[in-house]
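Trainee: Before I trust any label on this one, can we go through where each comes from?
Mentor: Sure, pull it up and ask away.

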Amino acid sequence: MSKISEAFKNKKAFIPFITCGDPDLETTKEIIKELELNGADLIELGIPFSDPTAEGPVIQGANIRALKNKITTDHVFEMVKEVRNDVKIPLCFMTYANVVFSYGSDRFFSKCQEVGIDGIILPDVPFEEKEEFEGVASEYGVDFISMVAPTSEDRIDMITKEAKGFIYIVSSLGVTGTRSKLNEGIKTVVDRVRKNTDVPCAVGFGISTPEQAAKMADISDGAIVGSAIVRVVEEYGKDAPKHVGEFVKSMKEAYHAS
């Protein structure tokens, strides 16, 4: 069992997302520590990119702010290396194919192994083209995380049979961002995933309230929350770590109450 899969063992996983370098890397480090302290089971770390096509305006804004700070992939790797002195839960990069390709796949995943990154999510890489990245990732012990959506239909069987770490179930069409109402058909997708694999699955895209997180975790093996957390970071800037911690704590309490 991979370290990522272990994050789901005997519990519903809470998976927050943040963009590295927003508002700066020192604050990012403190936010990561607060996330673990307040109950995160696995953390998704966004590497800033100029064209984050899967992201809505909130996370796009975080990317723009980080890039204005001239944050590079090397800066992110160095930050992860430092934070790994304190943080023990699994860490997973969420970025784009061009970031990995331009860095050099072998060099990128070697660095992931060196600093303690456990998995990677590349939302712009379709299943049919994943081998270009997954093969190298596996060599360095990095789980390539598969994504499925309600529109994946028959492809769900094919995608999930080869899944590693956990399966990211996209709750709704479109880009990331908070939603007042989540897709009611997610349970059908989860049931189909579970017919093909024992790899845990978590639901993301649009989860913004403790109630929504608890509902999605009840249906699946965990919930992923991004835009709602990034909005807290945008609002409080360098003072965000404490507020992010309080927000995550409220999410986890909803889990236990459900």
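**Where the labels come from**

Mentor: Start with contacts: of those in the chain between residues at least 6 apart in sequence, 74% link residues at least 24 apart. Keep in mind that this is a predicted model.

Trainee: What makes the chain as compact as a globular protein of its length?
Mentor: There are twelve helices and nine strands in the chain. Its radius of gyration is 17 Å, and the globule rule gives 18 Å for 258 residues; the two are close, so the chain counts as being as compact as a globular protein of that length. The C-alpha atoms fill a box of roughly 45 × 40 × 30 Å along the principal axes.

Trainee: What share of the residues counts as buried?
Mentor: Buried means under 20% relative accessible area, and 60% of the 258 residues count as such. As for the surface, the chain exposes about 11000 Å², with carbon and sulfur atoms supplying 49% of it.

Trainee: Why is a set of residues called a nonpolar core?
Mentor: The name fits because its members are buried residues such as Leu, Ile and Phe, joined through side-chain atoms within 4.5 Å. The largest one has 73 residues, and Leu45, Phe93, Phe108, Phe109 and Ile169 touch the most other members. Helix α12 (residues 240-257) gives the largest share of this core, six residues. A second, separate core of 23 residues includes Phe17, Met94, Met147 and Ile224.

Trainee: Which residues does Phe109 touch, leaving out those up to four places away in sequence?
Mentor: Phe109 touches Val100, Ile120, Phe133, Val136, Ala137, Tyr140 and Val142.

Note on methods: Residues numbered from 1 in each chain as written. Predicted model: local features only at pLDDT ≥ 70, side-chain atom pairs only at ≥ 80, totals over all residues. Heavy atoms only, no water. Helix = DSSP H or I, 4+ residues; strand = E, 2+ residues; numbered from the N terminus. Rg over C-alpha atoms; globule rule 2.2 N^0.38 Å. Buried < 20%, exposed > 50% of the residue type's maximum accessible area, 1.4 Å probe, protein only. Contact = heavy atoms within 4.5 Å. Areas by Shrake-Rupley, 256 points an atom, 1.4 Å probe, with all protein chains shown as cover.
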